[in-house]
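Colleague: I am new to this structure and would like to understand how the terms used for it are reached. Could we go through them one at a time?

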Amino acid sequence: MQKHWEAMSDEALAAAALQAEDRAFTVLVARLLPPLRAMAESYRLPGLDRDDLVQEGFLGVMSAVRHYHPGLGEFTPYALTCARHSICLLYTSPSPRDVE
């Protein structure tokens, strides 16, 4: 039986992605890409462009997939909050220049 990933809710996709269903994560990423790009536009960090910030946001989405459970509410607001947190951590992390 073929799964229709595009018709699934974000919550169902997150649960499937947690079970290592690559296609579920791919569909989830495609859905979250526009709001992540918009979110990245609102941040500026020297040496990082928008794509770097989007990638950092996706690390937050990956964390959201790992830690999500339905009691947290809808997946998408939770995932975007995790993405924003991941991006904001860049502001508090020392840059490679500061560590040297």
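Colleague: Why are α2 and α3 called oblique to each other?

Modeller: This is a predicted model, and in it the axes of helix α2 (residues 22–41) and helix α3 (residues 50–67) cross at roughly 130°. Angles from 65 to 115 degrees count as roughly perpendicular and those over 145 as roughly antiparallel, and because the angle of this pair fits neither class, α2 and α3 are oblique to each other. Their axes come within 9 Å, and the crossing in which α2 passes α3 is right-handed.

Colleague: Which residues of α2 and α3 meet?

Modeller: On the side of α2 they include Phe25, Leu28, Val29, Leu32 and Leu33, and on the side of α3 they include Leu53, Val54, Gly57, Phe58 and Val61. The residues of this contact divide into 13 nonpolar, one polar and three charged.

Colleague: What makes Tyr43 and Tyr91 a tilted aromatic pair?

Modeller: Two values are needed, since a pair of aromatic rings is described by the distance of the centres and the angle of the planes. For Tyr43 and Tyr91 the centres are 5.9 Å apart, which is within the limit of 6.5 Å, and the planes stand at 45°, which is neither under 30 degrees, as for stacked rings, nor over 60, as for edge-to-face rings, so the pair is tilted.

Colleague: Why is this pair said to tie together parts of the chain that are 48 residues apart in sequence?

Modeller: Tyr43 lies in the loop between α2 and α3, whereas Tyr91 lies in helix α4 (residues 75–92), so the pair joins parts with that separation.

Colleague: How do you know whether Tyr43 and Tyr91 are buried or partly exposed?

Modeller: The relative accessibility of Tyr43 is 12%, and because buried means under 20%, Tyr43 counts as buried. Tyr91 has a relative accessible area of 40%, which is not under 20% and not over 50%, so Tyr91 is partly exposed.

Colleague: What angle do the planes of Tyr68 and Phe75 make, and what is their pair called?

Modeller: The planes of Tyr68 and Phe75 are at 90°, with 5.2 Å centre to centre, and since an angle over 60 degrees counts as edge-to-face, that is the name of the pair. Both rings belong to buried residues, because the relative accessibility is 12% for Tyr68 and 0% for Phe75. Ring pairs also link Tyr68, Phe75 and Tyr78 into a cluster, and the count of aromatic pairs comes to three.

Colleague: Why does Pro35 count as partly exposed?

Modeller: Pro35, whose place is in helix α2, has a relative accessibility of 29%, which falls between the 20% and 50% limits, so Pro35 counts as partly exposed.

Colleague: What makes Ala20 exposed, and where is Ala20 found?

Modeller: The relative accessible area of Ala20 is 61%, and because exposed means over 50%, Ala20 is exposed. Ala20 is found in the loop between α1 (10–18) and α2, and its phi is near 70°, a positive value in a residue other than glycine.

Colleague: How many helices and strands does the chain have?

Modeller: The secondary structure comes to five helices and zero strands, and of the 100 residues of the chain, 32% count as buried. The C-alpha atoms fill a box of roughly 55 × 25 × 20 Å along the principal axes.

Technical notes. Residues are numbered from 1 along each chain as its sequence is written. This is a predicted model: local features need pLDDT of at least 70, side-chain atom pairs count only at pLDDT 80 or more; totals for chains, interfaces and linings use all residues. Side-chain values use heavy atoms; hydrogens and water are left out. Axes are lines fitted to C-alpha atoms, for helices over the stretch in contact, and angles run from 0 to 180 degrees between N-to-C directions. Helices (H or I, at least four residues) and strands (E, at least two) are DSSP runs, numbered from the N terminus. Angles under 35 degrees count as roughly parallel, over 145 as roughly antiparallel, 65 to 115 as roughly perpendicular and the rest as oblique. A crossing is left-handed if the near helix is turned anticlockwise from the far one by less than a right angle, and right-handed if clockwise. Contact means heavy atoms within 4.5 Å. Ala, Val, Leu, Ile, Met, Phe, Trp, Tyr, Cys and Pro count as nonpolar, Asp, Glu, Lys and Arg as charged, and the others, Gly among them, as polar. Rings of Phe, Tyr and Trp (its six-membered ring) pair if their centres lie within 6.5 Å; planes under 30 degrees apart count as stacked, over 60 as edge-to-face and the rest as tilted. Buried means under 20% relative accessible area, exposed over 50%, partly exposed in between (1.4 Å probe, protein chains only).
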